[in-house]
Amino acid sequence: MMTSHPHVGGLLREWRQRRRMTQLGLACEADISTRHLSFLETGRAQPSREMVLHLAERLDVPLRDRNQLLVAAGYAPLYPERSLDDPALAAARKAIDLVLAGHAPYPALAVDRHWTLVAANTAVGPLLVGAAPALLRPPVNVLRLSLHPDGLAPRIENAPEWRAHLLARLRRQIEVSADPVLVKLLEELSGYPSPAAGGARRPEPAREPGAAVIAVPLRIRAEDRTLSFLSTTMVFGTPVDVTLSELAVESFFPADQATAEALRAATQR
């Protein structure tokens, strides 16, 4: 977790250490002298606005935290943070809605940096049947809904595998962002009872000869069948708005022919 510092140098040093870079490594990346970087980190030199942004770019600091670096250095924030309802983000919101609607009959949803549900298409609803009402009350946290014993976990056929995948992904996100809210969320999710495979164990679907597992699937029971999905993540390229930089669209694709046919049949009904 990030700590408070009286000057921007301490924050720069924490981001460098978080990225596991030496002063020499960052200095070479930023094309400055190690001596100058050392002076910046210790507060013996004051970075210009351009230098703060230059180092933040090399350290891959999230836009929200780049604003914090600028403020700590005595400069105004550069990146705006607008609501998704802001007219300036209308084109982005329309793009999200188009992606979600176009992905039907397969499930897709949009989440923010804390995994709060922002939007979802109609194919997501049937997968949530049986979850506790409290978990479905806005704001809905998608990870909590997935892993909570009163959420989707009891219906996930490969619950231990899926849980490990989600927690590993959350840990990587914490490594990148140093977000204390995500640290707290990880502690909560890690404290849930270790799941067994959801319900009665069903036979694994038959695979074609030579078939290999290419990604961790989500295998979830819905009504009288098991649906199997592979997931992909879409983010906006080159965002300059904090809100937009933290949005992600999670799209789920059928991992087998039976799932594809079941979803198409549900749509026809």
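Modeller: Two strands pair if DSSP finds at least two bridges between them. Keep that in mind for this predicted model.

Biologist: How many bridges join strand 3 to strand 4?

Modeller: Strand 4 covers residues 225–234. The two strands run antiparallel. Pairing needs at least two bridges. The number joining strand 3 to strand 4 is five.

Biologist: Which residue in strand 4 stands opposite Arg219?

Modeller: Arg219 belongs to strand 3, on the side it shares with Arg221. Its opposite in strand 4 is Ser228.

Biologist: Which residue in the turn has a positive phi?

Modeller: Strand 3 and strand 4 form a hairpin. Two residues lie between them. With a phi of about 60°, the residue is Glu223.

Biologist: Why is strand 3 largely enclosed by the rest of the structure?

Modeller: Buried means under 20% relative accessible area. On one side, Leu218, Ile220 and Ala222 are buried; on the other, Arg219 and Arg221 are too. Strand 3 spans residues 218–222, and it is largely enclosed because its buried residues number five of five.

Biologist: What share of the residues of the whole protein counts as buried?

Modeller: The protein has twelve helices and five strands. It holds 269 residues. The share that counts as buried is 43%.

Biologist: How far apart are the mean positions of the positive and negative charges?

Modeller: There are 31 positive charges and 29 negative ones. Their mean positions are apart by 2 Å.

Biologist: What area does the protein expose?

Modeller: Its C-alpha atoms fill a box of roughly 65 × 40 × 40 Å along the principal axes. Carbon and sulfur atoms supply 57% of the exposed area. The total is about 14400 Å².

Methods:
Residues numbered from 1 in each chain as written. Predicted model: local features only at pLDDT ≥ 70, side-chain atom pairs only at ≥ 80, totals over all residues. Heavy atoms only, no water. Helix = DSSP H or I, 4+ residues; strand = E, 2+ residues; numbered from the N terminus. Buried < 20%, exposed > 50% of the residue type's maximum accessible area, 1.4 Å probe, protein only. Areas by Shrake-Rupley, 256 points an atom, 1.4 Å probe, with all protein chains shown as cover. Lys, Arg positive; Asp, Glu negative; His and termini not counted. Charge placed at Lys NZ, Arg CZ, Asp CG, Glu CD.
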